[in-house]
Amino acid sequence: KISKKKKKENHDLLNKLKLVYFVKGENQIRMTSGYTQLFDKFIVLKVEEYGLNSWDEIKKDILKSKLFWNNWLLRSKTTAEIKNRALKLLHYLDVDAANK
């Protein structure tokens with residue numbers, strides 16, 4: 001069971017994380033097919049927690065999370081869709097960091 005302190009830390013991380021949706025010379029990441037900024041932050045943090053080859057674990061966490069319990073579009077994403085979205089977001093974060 002997750003402690004209150006851990007829940008607070010996770011909440012703080014979700015609030016503080018800044019994502020990049022546009023990088024010059026690349027196609028803009030679109031907020032289509034039900035994706036939300038909260039979901040994007042969640043999957044990026046889960047990749048940080050589990051690593052790049054833990055898509056099944058990330059999918060399980062999405063299904064268990066109360067953040068998305070009522071969002072069928074996000075809960076129905078396949079592991080391949082989650083992986084593609086996360087890798088694109090991570091790529092943009094890397095490019096943005098390299099340009100600073």
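**Following the charges from Lys-41**

Let's begin at Lys-41, which touches Leu-14, Asn-15, Leu-17 and Leu-19, leaving aside residues up to four places away in sequence. Keep in mind as you look that this is a predicted model. You can find Lys-41 in helix 2, which covers residues 37-50.

What is the nearest side chain of opposite charge to Lys-41? It is Asp-40, and the distance is 9.7 Å. A salt bridge needs a side-chain nitrogen of Lys or Arg within 4 Å of a carboxyl oxygen of Asp or Glu. Lys-41 therefore has no salt bridge, although it is buried. Its side chain does reach another partner: the backbone oxygen of Leu-17, at 3.2 Å.

Now turn to the charges that do meet. Side chains of opposite charge can pair when their charged atoms come close. The structure holds 6 salt bridges, and we can visit some of them together.

Asp-40 is a good next stop. Which side chain does Asp-40 meet in a salt bridge? The partner is Arg-85, with N and O 2.9 Å apart. This pair links distant parts of the chain, since Asp-40 belongs to helix 2 and Arg-85 to helix 5 (residues 79-98), 45 residues apart. Why do we call both partners buried? The term applies under 20% relative accessible area. Arg-85 has 9%, so it counts as buried, and Asp-40 has 0%, so it is buried as well.

Further along helix 2 sits Lys-46. Lys-46 forms a salt bridge with Asp-61, and their closest N and O atoms are 3.1 Å apart. Because Lys-46 lies in helix 2 and Asp-61 in helix 3 (residues 55-64), the pair ties together parts that are 15 residues apart in sequence. Are these two residues buried or exposed? Both Lys-46 and Asp-61 are buried.

Helix 3 also has a pair of its own. There, Lys-60 and Glu-57 form a salt bridge, with 3.7 Å between the closest N and O atoms. The two residues are 3 residues apart, about one turn of the helix. Lys-60 is partly exposed, with a relative accessible area of 46%, and Glu-57 is partly exposed too, at 34%.

To finish, look for a network. Which residues are joined by salt bridges that share partners? They are Lys-46, Glu-49, Asp-61 and Lys-64, which form one network. You have already met two of its members, Lys-46 and Asp-61, as a salt-bridged pair.

Definitions and conventions
Residues numbered from 1 in each chain as written. Predicted model: local features only at pLDDT ≥ 70, side-chain atom pairs only at ≥ 80, totals over all residues. Heavy atoms only, no water. Helix = DSSP H or I, 4+ residues; strand = E, 2+ residues; numbered from the N terminus. Buried < 20%, exposed > 50% of the residue type's maximum accessible area, 1.4 Å probe, protein only. Lys, Arg positive; Asp, Glu negative; His and termini not counted. Polar contact = N/O pair within 3.5 Å; in protein donor to acceptor, adjacent residues only side chain to side chain. Contact = heavy atoms within 4.5 Å.
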